[in-house]
Amino acid sequence: MTDALKRLSDEGVAIWLDDLSRKRITSGNLAELIDQSHVVGVTTNPSIFQKAISSGEGYEQQVSDLAARKVTVEEAIRMITTADVRDAADILRPVFDATDGQDGRVSIEVDPRLAHNTKATVAEAKQLAWLVDRPNTLIKIPATKAGLPAITEVIGKGISVNVTLIFSLERYREVMDAYIAGLEKAKSLGLELGKIHSVASFFVSRVDTEIDKRLDGIGTDEAKALKGKSALANARLAYQAYEEVFSSDRWAALEKAGANKQRPLWASTGVKDPELKDTLYVEQLVAPNTVNTMPEATLEATADHGEITGDTVSGGYQEAQADIDALAKVGVSYDEVVQLLEDEGVDKFESAWNDLLKSTEAELKRLAPSEG
């Protein structure tokens, strides 16, 4: 084992676990990861809950109680998922207190079927914040066109947000703008800005997966030379945008009023291509005031053989821009890829949610008490 996770933390990267299940909570595993692996936050998504709840482990008693009450399947899912998030938030509360609210956070996502409905997303975000009822929760809102005004409105109400499914640099700038507009709204209402936090989840590995597939299809030496470069380049340019936006005069006025910067969060950091190093999206995305949310396999790989050599993002912007520009020269459209990935991201979460609805409905029926 190396001290890579400690070095990563020392470089200003918050390590969050991209997974949650009731077994992880009740077995003491989450507490152990916080204690021994420098984990300071947890992210969830519909796919993670679908996997956890479908395993059935630890959920039977609650599902049985919900079945006895004859609740709808949607209500059952919300009761189950918010219970897990609440318990995880309680385990992480000491981290939250020690970091003055920056870390010790647990994220829970709005129903992905609402991704293109601003009003419903805002209503769901308020409901989730009320249901979980913990100050160290982040409500996840997807960075769709409809999500952007929802982010502003939810932040404006003083609810902390994890903006998810960001793939493009243009959309990322819109997300930062939505966050700042929300803080301005909160400020005008007299809310305490220091209590509002946000992260912007910029997705990494899926960019390489889609672009590298296209580069292979083109097949030229020039195209193949670009493989494994696009995701890092995209993320590094996102960090450049973050530095620019959060050093503006507009931001300075909010910072003076106690506002927190919206940290970039590197999401989807599990490496999909076996030809790439399994810790690539950790080692090569080290920068101050960022979050890296890792699946457990990536966390373990980093602990085992990660090489943390300091900041690997700042100052690499020219090369990153050259890597992105080179895509068009070989026939890959960056704009087309990032829009496709956003659409697919929403579809994947919606599909996982629908699977979760089906499997939970089956469990409710199986555990329903016989009439009489």
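**View 1. Eight strands close into a barrel, in the order β1-β2-β3-β4-β5-β6-β7-β8.** This is a predicted model, and the strands of its barrel pair in the parallel sense. Go from one strand to its neighbour and the turn is 30° on average, direction ignored. Helix α7, residues 118-132, packs on this sheet and touches both β3 (105-109) and β4 (137-142). The direction of α7 makes about 160° with that of β4.

**View 2. Strands β7 and β8 pair up, parallel, over two bridges.** Here β7 covers residues 263-267, while β8 covers residues 290-294. To find one of the contacts by residue, start at Leu265: its bridge partner in β8 is Val291. Strand β8 also has a helix lying across it, namely α15 (residues 296-305). That helix lies across β1 (13-17) and β2 (39-42) too, and it runs at about 110° to β8.

**View 3. Asp84 and Arg22 meet in a buried salt bridge.** The whole structure has 28 salt bridges, and in this one the side chains come together at 2.7 Å, N to O. The two partners sit 62 residues apart, in distant parts of the chain: Asp84 belongs to helix α6 (residues 73-98) and Arg22 to helix α2 (residues 22-26). Asp84 counts as buried because its relative accessibility is 0%. Arg22 is buried as well, with a relative accessible area of 11%.

**View 4. Within helix α6, Arg93 and Asp97 form a salt bridge.** The closest N and O atoms of this pair are 3.0 Å apart. The two residues are four apart in the helix, so about one helical turn separates them. Both ends have some exposure: Arg93 is partly exposed at 33% relative accessibility, and Asp97 is partly exposed at 47%.

**View 5. A salt bridge links Asp177 with Arg250.** Look for the closest N and O atoms at 2.6 Å. Asp177 lies in helix α9 (residues 169-188) and Arg250 in helix α13 (residues 249-256), so this pair ties together parts that are 73 residues apart in sequence. Asp177 counts as partly exposed, with 39% relative accessibility, and Arg250 is also partly exposed, with a relative accessible area of 34%.

**View 6. Four residues join into one salt-bridge network.** The members are Lys145, Arg171, Glu174 and Glu342. What joins them is a set of salt bridges that share partners.

Technical notes:
Residues are numbered from 1 along each chain as its sequence is written. This is a predicted model: local features need pLDDT of at least 70, side-chain atom pairs count only at pLDDT 80 or more; totals for chains, interfaces and linings use all residues. Side-chain values use heavy atoms; hydrogens and water are left out. Two strands pair if DSSP finds at least two bridges between them. Axes are lines fitted to C-alpha atoms, for helices over the stretch in contact, and angles run from 0 to 180 degrees between N-to-C directions. Contact means heavy atoms within 4.5 Å. Buried means under 20% relative accessible area, exposed over 50%, partly exposed in between (1.4 Å probe, protein chains only).
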